[in-house]
Amino acid sequence: MPHAQSRYVCQSCGASVLRWEGQCRACGAWNSLVETVVRETPRSRHQALPPAGANAPVPLSQAGEADAIRTPVGIGELDRVLGGGLVAGSVVLLGGEPGIGKSTLLLQAAAGLAARTSVLYATGEESPGQVQLRARRLGLASGRVGDAIRVAAETGLGRILDLARAERPGLLVVDSVQTVGSEELDGAPGSVGQVREVALRMMELAKGDGVPVILVGHVTKDGTLAGPKTLEHLVDVVLSVEGDRSGALRLLRAAKNRFGSTEEVGVFEMGERGLVEVPDPARAFLGEHDGPAPGSVPAPVLEGTRPILVEVQALVAPTGAPAPRRTASGVDPNRLALLVAVLGRRAGIGLSGHDVYANLAGGLSVDEPGLDLPLALALASSFRDRPLVTGTVAIGEVGLLGELRAVSGLERRLRESVRLGFTRAVVPRAAGRAMPRVDGLDVVAVGSLAEAIRAAVSEAPEAGARGR
Ligand code: TYD
Ligand code: MG
């Protein structure tokens, strides 16, 4: 095979040079040069295109008909997030921290597909023996499934592509994109240039030969897919596995999906035999203790379209240090700092002499404005050492003046709260709009944070313990 040339291409202006330099000479951008394969023969590009006629214009009214052939993987929560199954010719990027369960999920998905089609599992992370060990643990190593999944310990991009074109599997898994490298580039596997080249060639394979591809991508501590942010817009679907590695719950989210909604989430539990779908995800992230405890507030948040009850926990403790601590996990630290300030100025709860810790039970991480009110109530409840009135949930955004703002999908959130046994909800009063009526739920509409604290936090410990 003739060696294609590699060039260093500036990501901001497109200038290309032969050697890496720290600064682009053309536009002056720093660290913008990425090693890229330059293909001289336009023919090889041509081969990747669909046959002539395939791209002929069709009337919009019939445009969907030849669309997306989906193969359900057989794991309900995964199919749901994919939008109904794996689409022929699609490239999916599955991201997540090391050890979170990506390989486990993909082996299970491969097994689900194995009844209908073959799977090529290219692994640069583990030996075939290690993959088999995991498969055995999952009870998937033998029989039909064991034969239909073929494992290749391979890190050469060209060889993986050759294998895939020769075997034409129903699914190609590449675990992980950071361990695979093109022979045509000098950069080490995992470098931006390499990772992007892998993704580009996989797109060609998927679109040209109709083989769906799932790429595993490790995510660094700060939450970005290591190196290749560029990868996200190349592929069709970006999924991520989230959760607390020391806990069992895992959340599968779609950050992007060309064939479906990004509103769906899947909830799994990591057990002795791999990832198991959680039968009642709305309940999964609620903390486990009997009755209300000071500093704990259940909140009906929306993950996409799905209401999930989470438990917001806060601990407020007097400090001797001149600069008190504000520690947040699973919630936005900036919102925490802001709520501490609003509580001090608008609700008479001064925390400047206190350390403040806040987190969500179950290792969940939620970024929605509606979490403000439950978080503020958790702080107030811990500060006063009084639990919430029994059976109460809270949701709402808090403004700088201590005023409350409405959240979307309130009725759905409240229905889910009732279903899970809650009897009372403290929510923002929406001007000019009727409050949703939900059977069995006492909806308390309040206008300010101070009012919400009066309505939600019980006055005396006995009152809280005995309920209403
Ligand atoms: P893995 O899928 O290897 O993670 P990743 O590919 O994202 O790096 O998962 C590794 C973790 O999952 C490891 O800590 C062991 C645990 N695990 C279970 O708890 N149960 C199981 O059945 C399996 C296969 C793994
Ligand atoms: Mg792995």
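What follows describes the cavities, one sheet and one helix pair of a predicted model. Local features need pLDDT of at least 70 and side-chain atom pairs count only at pLDDT 80 or more, while totals for chains, interfaces and linings use all residues. Residues are numbered from 1 along each chain as its sequence is written, and side-chain values use heavy atoms, with hydrogens and water left out.

The structure holds 2 cavities of 30 Å³ or more. A cavity is a set of points, on a 1 Å grid over the protein atoms alone, where a 1.4 Å probe fits but cannot get out; lining residues have an atom within 4 Å of a point. Volume is the space filled by probe spheres set on the points.

The largest cavity encloses about 70 Å³. Its lining consists of Val-73, Leu-78, Leu-82, Leu-86, Val-92, Leu-94, Leu-105, Leu-106, Ala-109, Ile-214 and Leu-239. Two or more of these residues come from each of helix H2 (76-82), strand E6 (91-96) and helix H3 (102-114); helices (H or I, at least four residues) and strands (E, at least two) are DSSP runs numbered from the N terminus. H3 gives the most, with 3 residues. By class the lining has 11 nonpolar, no polar and no charged residues, where Ala, Val, Leu, Ile, Met, Phe, Trp, Tyr, Cys and Pro count as nonpolar, Asp, Glu, Lys and Arg as charged, and the others, Gly among them, as polar.

The second largest cavity has a volume of about 30 Å³. Among the residues that line it are Leu-82, Leu-86 and Val-92, which also belong to the lining of the largest cavity. Gly-85, Val-87, Ser-90, Val-237 and Phe-259 line the second largest cavity too. This lining divides into 6 nonpolar, 2 polar and no charged residues.

Helix H3 also packs against helix H4 (residues 128-137), at an angle of about 70° and with the axes 11 Å apart. Axes are lines fitted to C-alpha atoms over the stretch in contact, and angles run from 0 to 180 degrees between N-to-C directions. The two helices, H3 and H4, are therefore roughly perpendicular, a term for angles of 65 to 115 degrees. Ser-103, Thr-104 and Leu-107 of H3 meet Val-131, Arg-134 and Ala-135 of H4, contact meaning heavy atoms within 4.5 Å.

Further along the chain, 3 strands form an open parallel sheet in the order E19-E22-E23. Strands pair if DSSP finds at least two bridges between them. Strand E19 (392-394) and strand E23 (442-446) are the edges. E19 pairs with strand E22 (residues 424-428) over 3 bridges, and Thr-392 stands opposite Arg-424 in E22.

Key:
Chains lettered and ligands numbered in written order. 1 Å grid on protein atoms, 1.4 Å probe; cavity = no way out; pocket = protein on both sides within 12 Å on 5 of 7 lines; lining within 4 Å. Parallel < 35°, antiparallel > 145°, perpendicular 65-115°, else oblique.
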